[in-house]
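Trainee: I would like to take a close look at a single part of this structure, and then see how that part fits into its surroundings. Could you guide me through it slowly?

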Amino acid sequence: MVRKKIVAGNWKMNKSYDEGIALVEQLLDELDMDKVGETHVIISPPSVLLQPITELLMFTPGIAVAAQNCHQEESGAYTGEISARMIKSIDADAVILGHSERREYFKEDDSLIAKKMKAVLANELMVIYCCGESFEERKTGNHIAVVEKQLRTALADFSTKDAENIIVAYEPVWAIGTGEVATVQQAGEMHTHIRKVLADIFGDTSQNMSILYGGSVKPDNAAELFAHPDIDGGLIGGASLKSNDFMSIIYALSK
Ligand code: PGA
């Protein structure tokens, strides 16, 4: 198995039903799949759009669909939540877990994220597991240790078989939505370290695991980041909401 190159668009809490459908239709019209080549594209819309977008993309195998979160239980009295089983039942492909906004606003920690990951993998979905340090943690020089601890806590109980379905996204919190992108050197250093930690946990399987960078990736900085050998693609927030920007970023990885 070779490492997949992946561009994932995280729409967060943006787009009404009509706006979301229009954005995907525009991508379907304009995205040149020959140019996309081996790059895997993932779209992660809000929950209400998961089913219609999965259906729209049914005949476009190069574009997968991910939920932005799920609950760790399969069903039950958890008002407002959706489960991995429900996400699987509409034929979506993946779930983003541990995004810094979930960690910050919804107080999710790595032991909860590990439970959610179990549920997602048990339903034969892929996981995009997000990790990353805060500005304070980088300023004090703790960034490498912080990210390593997140990875070791969240991934400790998973097998090499599970690892085949786990994508890691390194997203420094200070770069998310701020316009302040990590330099290639900062991102590259962390990605190389993440790969070492993954090798320690999963052995050779880690060589096949994709590690994405996220945090203010834009058309004008994507190519430089993606040129680093340990950066296998990007998790894109703001720029995934505009089809031209998202397509430019996909092409930057496909070169
Ligand atoms: P951004 O968000 O590209 O808007 O910085 C990235 C993310 O949160 O996944």
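Trainee: Which residues does M117 touch, not counting residues up to four places away in sequence?

Mentor: Before we begin, please keep in mind that this is a predicted model, in which local features need pLDDT of at least 70 and side-chain atom pairs count only at pLDDT 80 or more, while totals for chains, interfaces and linings use all residues. Residues are numbered from 1 along each chain as its sequence is written, and side-chain values use heavy atoms, with hydrogens and water left out.

Leaving aside residues up to four places away in sequence, M117 touches L97, V127, Y129, A154, L155, F158 and I166, where contact means heavy atoms within 4.5 Å. M117 belongs to the largest nonpolar core, which has 68 residues, and M117, Y129, L151, V168, I194 and F226 are those with the most contacts inside it. A nonpolar core is a set of buried Ala, Val, Leu, Ile, Met, Phe, Trp, Tyr and Cys residues joined through side-chain atoms within 4.5 Å; buried means under 20% relative accessible area and exposed over 50%, with partly exposed in between (1.4 Å probe, protein chains only). The helix α12 gives the most to this core, with seven residues; helices (H or I, at least four residues) and strands (E, at least two) are DSSP runs, numbered from the N terminus. Another core, of 14 residues, lies apart from the largest one, and A66, I96, C130 and I167 are among its members.

The helix α12 (243-254) also helps to cover another helix, since β2 (40-44), α3 (50-56) and α12 are included in what covers the buried residues of α1. Those buried residues are G20, I21, L23, V24 and L27. Seen down the axis of α1, they fall within an arc of 160°, so they line one face of the helix, the arc being that of the directions from the helix axis to the C-beta atoms. On the face turned away from this buried side, α1 carries the exposed residues D18 and D29.

Burial is not limited to nonpolar side chains, as D232 shows: this residue lies in the loop between α11 (222-226) and β8 (233-236), and D232 counts as buried because its relative accessibility is 7%. The side chain of D232 makes a polar contact with the side chain of R195 at 2.8 Å, and the D232 side chain also reaches the backbone nitrogen of I211 at 2.8 Å. A polar contact is a pair of N or O atoms within 3.5 Å; within protein, one must be able to donate a hydrogen and the other to accept it, and residues adjacent in sequence count only if both atoms are side-chain atoms.
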